[in-house]
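Let's take a walk through this structure together, from the overall layout down to a few pairs of side chains. Please keep the viewer open as you read.

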Amino acid sequence: MSQFKTLLALGCVAASATAFAQAPVQTTGTLVIVPAYGEVKHANDEARLTLMVEEQDKDKAAAASRVNQKMKQGTEIVRKADPQAVLSTRGYYTYAVYPEDQPRQSNKARQPTAWRVGQYLEVKTTNLNALPKTVSAAQGVLALNGLQFGLTDATAKKLDAERIDATYKNLTERTAAIARAMGRNPADAVMDTVDFEGSGNYAEMAAAPKMMRASMAADAAPVEEPSFEPGETTLNMRVVGKVKFR
């Protein structure tokens, strides 16, 4: 009888241990941090190009006159090739050129041997099909200093809305998956906080191309049309949600 009681007691202890091990973890009131991601892509539909002219002459006025003439001519060429393009001039500069082997004398000002004058023309256009022809025509007078492709403001705004939708959808999908993994009904999850860009990693602005100076021949030969591939832009977003289970 004593042995039977001992076995019975051991059986009760084992059953209690098994029941305790299988008892579900209580998740009522649990706060879960859920990261989610969204991404959208779109073909670039805008080009920003920088054209420039630079002249060097012993006579500062002569150099400036040639720059002014070529910039005016180049601007007219671009306007004719792409009437819808938005043009803006910037960066007019004039500085002296000194010989490298000229000794520096502390009591006498250095004498320049020439003057370098230049100016930049910024062009923004959505006419990407005509872009090679436009650039080729402009390069007969001006030099291509930089070219970037991107999205128009309207397209960027539309994509931003799509990016938010995609990111929030991913958040709800991940929340539902976490709820099922916890043995809970997704309907029991309450979105407590939604922190868009919770990572702090904001989209970086594309760096402007480094400005380069280039000399131009007085009588430039016709330039063959260049080839461009606008590519596409990818917009990413990260969101962090705080979800509490009822």
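Two strands pair if DSSP finds at least two bridges between them. With that in hand, take L51, which stands opposite L121 in β4. Keep in mind that this is a predicted model.

Now step back to the whole chain. The protein chain has four helices and seven strands, and from the N terminus on they follow the order α-β-β-α-β-β-α-β-α-β-β. Of the 246 residues in the protein chain, 31% are buried. The chain exposes about 16,000 Å², and carbon and sulfur atoms supply 53% of that area. How do contacts spread along the sequence? Counting contacts between residues at least 6 apart in sequence, 86% join residues at least 24 apart.

Strand β4 is a good place to start looking closely. This strand spans residues 114-125 and is mostly covered, with nine of its 12 residues buried. Which strands pair with β4? Strand β2 (residues 46-57) runs antiparallel to β4 and is joined to it by 11 bridges. Strand β3 (residues 86-97) is also antiparallel to β4, through 10 bridges. On the β3 side, T94 stands opposite V117 in β4. As you look along these strands, it may help to recall that side chains in a regular strand alternate between the two faces of the sheet.

Next comes helix α3, made up of residues 131-138 and mostly covered, with six of its eight residues buried. Those buried in α3 are L131, P132, T134, V135, S136 and A138. What covers them? The cover includes β2, α2 (60-81), β4 and β5 (143-150).

Several of these elements return in the nonpolar interior. The largest nonpolar core has 19 residues, and those with the most contacts inside it are L49, L51, V78, L87, L121, V123 and L142. Two or more residues of this core come from each of β2, α2, β4 and α3. L51 and L121, the facing residues we began with, are both on that list of most-contacted residues. There is also a second, separate core of nine residues, and V32, A36, L171 and V239 are among them.

Let's turn to charge. Side chains of opposite charge can pair when their charged atoms come close. Across the whole structure, a search finds nine salt bridges. One of them joins R116 and E54, whose closest N and O atoms are 3.9 Å apart. This pair links distant parts of the chain, as R116 lies in strand β4 and E54 in strand β2, 62 residues apart. Is each partner buried or partly exposed? R116 counts as partly exposed because its relative accessibility is 23%, whereas E54 has 5% and so counts as buried.

A second pair is D57 and R66, whose side chains meet in a salt bridge at 3.1 Å, N to O. D57 is partly exposed at 23% relative accessibility, and R66 is partly exposed as well, at 26%. D57 and R66 also belong to a network of salt bridges that links E55, D57, R66 and K70.

For a last stop, go to K158 and E162, where the side chains form a salt bridge at 2.7 Å, N to O. The two residues are four apart in helix α4 (residues 153-181), so about one helical turn separates them. E162 is partly exposed, with a relative accessible area of 32%.

Terms used:
Residues numbered from 1 in each chain as written. Predicted model: local features only at pLDDT ≥ 70, side-chain atom pairs only at ≥ 80, totals over all residues. Heavy atoms only, no water. Buried < 20%, exposed > 50% of the residue type's maximum accessible area, 1.4 Å probe, protein only. Contact = heavy atoms within 4.5 Å. Areas by Shrake-Rupley, 256 points an atom, 1.4 Å probe, with all protein chains shown as cover. Core = buried A, V, L, I, M, F, W, Y, C linked by side-chain atoms within 4.5 Å. Salt bridge = Lys/Arg side-chain N within 4 Å of Asp/Glu carboxyl O.
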